[in-house]
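Welcome, and please open the model in your viewer. We will move from one selection to the next and look at what is there.

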Amino acid sequence: MAYDVAAVRAHFPALREGAAHFDGPGGAQVPDVVAEAVRNTLTSAVSNRGSVTAAERRAEEIVRTARHTMAEFLNAGSIVFGRSMTQLTYDFARTLSKNWRPGDEIIVTRIDHDANIRPWVQAAEAARATVRWAPFDRTTGELPVESVTKLLSDRTRVVAITAASNLLGTRPDIAEIARAAHEAAAFVYVDGVHYTPHVPVDVEALDADFFVCSPYKFLGPHLGVLAAAPELLETLRPDKLLPSTNAVPERFELGTLPYELLAGTTAAVEFMRSLEGLEEYELDLRQRLETGLQELGVRIYSKASSRTPTVLFSVDGLDPAEVYRRLGAEGVNAPAGHFYALECSRWLGLGDKGAVRAGIGPYTDESDVDRLLQAVARLR
């Protein structure tokens, strides 16, 4: 059955404003069913979780359902919720680093978002551990497996790596990197924020010890999610309040959960599950966009053989911020910058200005792509 983008778009009230949204990698637009789930929770009787009152039971059911739904969606064991992926990564970096010693080693990559770099770098500094940097190929945008695996040693404690670059879209071979890391007895912490909206996720197949993502990137509310095996989480002792539970995964959540956002996350996952043929549809649109940009002589940086429907580009002679402003004036939302992938932008030679990023999502259609191409053509 063909992907029915018109039916999908009908669920997104934000599209009625008329803009062509290529800003999804920074946060997707939200379908009506997600907004309704959030609203219904906020206007229902909800209390602290428990089993005595209806309000307590409703809260308990919202949390239980969200955990189960996310675990199925990611094919993962246990789910920890947090304010954001960044917050969760800082929390887990601090927790894991309690066992690090001087001379231990942490591997990060030049292609990652800073949220999967800086928490590890700073934790390593505090523990007097060594940070090892894996470079990617500036020309192809690829992160070869050996770029990471050659850095492994018997002192490696964590390999922090993205499943998909939020700047370039590059998808490294996580399973192969994880296999080598586990042979070295290292944990693998995978940033799946940009990966999850575009690819069916299977945390077990990726062999990730920790997998983090953000529902607001896949049509949900602002929240962070971490998936890990419950047996692994049982071995970790985060800092927490004395009266709060020691149960997994609650021991990592540091306070009352935002029930309305969990309900919205459940609704977002259910909506994503209904989008049959999404991956192929998005990649076809990416091909249409890339072909059009190439015909216009635009410089494209996203070239990896396996990548998401995300295109980083620049227009010779124009500052990226100026391109962004002029596209925005025509109702085409394709922002510019480094998008917190600061090391990646600098490694590409783009400095802190970065470039223009166009991200295709479930509600993008051919007319959106054509509007972007026409607007770029008028810049020349």
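Helices and strands here are DSSP runs, a helix having at least four residues and a strand at least two, and they are numbered from the N terminus. Keep in mind that this is a predicted model.

Start by selecting Ala 28, which sits in the loop that links β1 (20-21) to α2 (32-42). Is Ala 28 buried or exposed? Its relative accessible area is 15%, so Ala 28 is buried, the cut-off for that being under 20%.

Now show what surrounds Ala 28. Leaving aside residues up to four places away in sequence, Ala 28 touches Tyr 216, Lys 217, Leu 219 and Tyr 363. Add Ile 360 to the selection as well: from Ala 28 to Ile 360 is 332 residues in sequence, yet their C-alpha atoms are 9.9 Å apart in space.

Next, select helix α3 (residues 54-74) together with helix α10 (residues 259-273). Their axes come within 9 Å and cross at roughly 35°, and the crossing is left-handed. Turn on side chains to see the contact: from α3, the residues include Ile 62, Val 63, Ala 66 and Met 70, and from α10 they include Leu 262, Ala 263, Val 269 and Met 272. By class, this contact has 11 nonpolar, four polar and two charged residues.

For the last stop, pick out two cysteines. Cys 213 has 0% relative accessibility and so counts as buried; Cys 344 is buried too, with a relative accessible area of 0%. How many disulfides does a search of the whole structure find? The search finds zero.

Methods
Residues numbered from 1 in each chain as written. Predicted model: local features only at pLDDT ≥ 70, side-chain atom pairs only at ≥ 80, totals over all residues. Heavy atoms only, no water. Disulfide = S-S within 2.5 Å. Buried < 20%, exposed > 50% of the residue type's maximum accessible area, 1.4 Å probe, protein only. Contact = heavy atoms within 4.5 Å. Axes fitted to C-alpha atoms, helices over the stretch in contact; angles between N-to-C directions. Left-handed = near helix turned anticlockwise from the far one by under 90°. Nonpolar A, V, L, I, M, F, W, Y, C, P; charged D, E, K, R; others polar.
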